[in-house]
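Trainee: Could we go through this structure together, one question at a time? I'd like to see how each answer is reasoned out.

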Amino acid sequence: VNPLYLMLPATVCCSYAFMLPVATPPNAIIFSAAKMKTIEMMKTGIVMNILCLTVQSIMINTLGEVMFGVRQFPAWANATI
């Protein structure tokens, strides 16, 4: 397995913090300004997370192959020390 096939999605998933108010500063600002309940953010956040994961799965298997060649094992990953 090409290491990029695993590293690229993991890197992008780190920014999928939509569910909780403490996840990112913009979430905390909206949470306090709109006087939202945590359950409201969780309902919307789970939909956003599922949508983003679906799009990411499609993108790594289409554009990931075109841009990075994730189907082939790279020579640089086979080096031993």
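Mentor: Happy to! Let's begin with a definition: angles under 35 degrees count as roughly parallel, over 145 as roughly antiparallel, 65 to 115 as roughly perpendicular, and the rest as oblique. Keep in mind that this is a predicted model.

Trainee: Thanks! Then how are H1 and H3 oriented to each other?

Mentor: The axes of helix H1 (residues 3–13) and H3 cross at roughly 135° and come within 11 Å. An angle of roughly 135° fits none of the parallel, antiparallel or perpendicular ranges. H1 and H3 are therefore oblique.

Trainee: Which hand does the crossing of H1 and H3 have, and which residues meet there?

Mentor: On the H1 side, the residues include Leu4, Tyr5, Leu8 and Val12, and they meet a set in H3 that includes Leu53, Ile60 and Phe68. By class, this contact of H1 with H3 has ten nonpolar, two polar and no charged residues. As for the hand, the crossing of H1 and H3 is right-handed.

Trainee: Is Asn49 buried or exposed?

Mentor: Asn49 sits in helix H3, and it touches Tyr16, Phe18 and Met19, leaving aside residues up to four places away in sequence. Its relative accessible area is 12%, and the cut-off for the buried class is under 20%. So Asn49 is buried.

Trainee: And Lys35: where does it lie, and is it buried or exposed?

Mentor: Lys35 lies in the loop between helix H2 (25–33) and helix H3 (38–68). Its phi is positive, about 55°, although Lys35 is not a glycine. With a relative accessible area of 69%, against a cut-off of over 50%, Lys35 is exposed.

Technical notes. Residues are numbered from 1 along each chain as its sequence is written. This is a predicted model: local features need pLDDT of at least 70, side-chain atom pairs count only at pLDDT 80 or more; totals for chains, interfaces and linings use all residues. Side-chain values use heavy atoms; hydrogens and water are left out. Helices (H or I, at least four residues) and strands (E, at least two) are DSSP runs, numbered from the N terminus. Buried means under 20% relative accessible area, exposed over 50%, partly exposed in between (1.4 Å probe, protein chains only). Axes are lines fitted to C-alpha atoms, for helices over the stretch in contact, and angles run from 0 to 180 degrees between N-to-C directions. A crossing is left-handed if the near helix is turned anticlockwise from the far one by less than a right angle, and right-handed if clockwise. Contact means heavy atoms within 4.5 Å. Ala, Val, Leu, Ile, Met, Phe, Trp, Tyr, Cys and Pro count as nonpolar, Asp, Glu, Lys and Arg as charged, and the others, Gly among them, as polar.
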